[in-house]
Amino acid sequence: MDLNDPRPLHGQVAEAIRRAVAEGSYAPGDRLPPARDLAEALGINANTVLRALRDLRDEGLLEFRRGRGVSVLSRPDPRSVLEGKLRSLLAEAGQYGYRSDDVIDLIREIS
């Protein structure tokens with residue numbers, strides 16, 4: 001987690017989990033570690049992790065089952081994964097004074 005990132009920590013956690021599922025670290029049906037374990041590994045509050053997990057549940061990516069924990073329901077849409085990365089890129093570019101148009105120009109230059 002990047003404490004200098006302007007995005008809320010729960011959003012960063014959700015994005016990291018979304019990316020892990022998209023990249024195949026977790027497949028549909030796999031159980032995630034308990035929120036407390038994730039929080040401890042990330043060095044953040046368990047409530048922050050729970051908020052991220054609830055957001056991902058609301059997106060349809062995760063399923064909560066009493067007594068069974070949190071499981072992956074489906075792989076995220078690749079477009080939504082890219083959108084998350086782009087939002088992160090634009091937020092970081094903004095910290096350096098770049099606007100969206102500037103980032104688009106940079107992408108065109110390198111592609």
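Where is the place of N45 among the helices and loops? Here are some notes on this predicted model, starting from that residue.

1. **N45 and the far end.** N45 sits in the loop between α2 (35-42) and α3 (46-58). N45 is partly exposed, since its relative accessible area is 44%. If you have the model open, try finding N45 together with R108: the two are 63 residues apart in sequence, and their C-alpha atoms lie 40 Å apart in space. For scale, the C-alpha trace of the protein spans about 50 × 25 × 20 Å along its principal axes.

2. **The overall layout.** The protein contains five helices and two strands. Going along the sequence, you will meet them in the pattern α-α-α-β-β-α-α. Of the 111 residues in the protein, 28% are buried.

3. **The annotated region.** An unreviewed UniProt entry gives the annotation "domain: HTH gntR-type" to residues 7-75. In the model, residues 7-75 are 51% helix and 12% strand. The C-alpha atoms at the two ends of that stretch are 23 Å apart.

4. **A network around E15.** R7, E15 and R19 are linked in a network of salt bridges, so please look at these three side chains together. E15 pairs with R7, with the closest N and O atoms 2.4 Å apart. E15 also forms a salt bridge with R19, and here the closest N and O atoms are 3.3 Å apart. Both E15 and R19 belong to helix α1 (residues 9-22), where they are four residues apart, about one turn of the helix.

5. **How covered is that network?** E15 counts as buried because its relative accessibility is 9%, and buried means under 20%. R7, in contrast, is partly exposed, with a relative accessible area of 21%. R19 is partly exposed as well, at 28% relative accessibility. The count for the structure comes to seven salt bridges, and those of E15 with R7 and with R19 are among them.

6. **R57 and its two partners.** R57 is worth a friendly second look. R57 forms a salt bridge with D58, where the closest N and O atoms are 3.4 Å apart. R57 also lies over the face of F64, at 4.8 Å from the ring centre. At 34% relative accessibility, R57 counts as partly exposed. D58 counts as exposed because its relative accessibility is 58%, and the cut-off for exposed is over 50%.

7. **Aromatic rings.** Should you be hunting for pairs of aromatic rings, a search of the whole structure finds zero of them. The ring of F64 does have R57 over its face, as noted above.

8. **A nonpolar surface patch.** L86, L89 and I107 form a nonpolar patch on the surface. Together these three residues have about 240 Å² of accessible area. One of them, L89, is found in helix α4 (residues 78-95). L89 is partly exposed, given its relative accessible area of 38%.

9. **Helices α4 and α5.** E92 is another residue of helix α4, and E92 is partly exposed with a relative accessible area of 42%. V103 is found in helix α5 (residues 100-110). V103 is buried, because its relative accessible area is 8% and the limit for buried is under 20%. The C-alpha atoms of V103 and E92 are separated by 10 Å, and the two residues are 11 apart along the chain. From E92 to I107, which are 15 residues apart along the chain, the C-alpha atoms are separated by 15 Å.

Note on methods. Residues are numbered from 1 along each chain as its sequence is written. This is a predicted model: local features need pLDDT of at least 70, side-chain atom pairs count only at pLDDT 80 or more; totals for chains, interfaces and linings use all residues. Side-chain values use heavy atoms; hydrogens and water are left out. UniProt positions are given in the numbering used here, feature names are shortened, and annotations may be inferred rather than shown by experiment. Rings of Phe, Tyr and Trp (its six-membered ring) pair if their centres lie within 6.5 Å; planes under 30 degrees apart count as stacked, over 60 as edge-to-face and the rest as tilted. A charge sits over a ring if NZ of Lys or CZ of Arg is within 6 Å of the ring centre and within 35 degrees of the ring normal. Patches are made of residues with over 30% relative accessible area and no salt bridge: like charges are joined within 9 Å, nonpolar side chains (Val, Leu, Ile, Met, Phe, Trp, Tyr) within 5 Å. Accessible areas come from the Shrake-Rupley method with a 1.4 Å probe; for residues, only the protein chains shown count as cover. A salt bridge is a side-chain nitrogen of Lys or Arg within 4 Å of a carboxyl oxygen of Asp or Glu. Buried means under 20% relative accessible area, exposed over 50%, partly exposed in between (1.4 Å probe, protein chains only).
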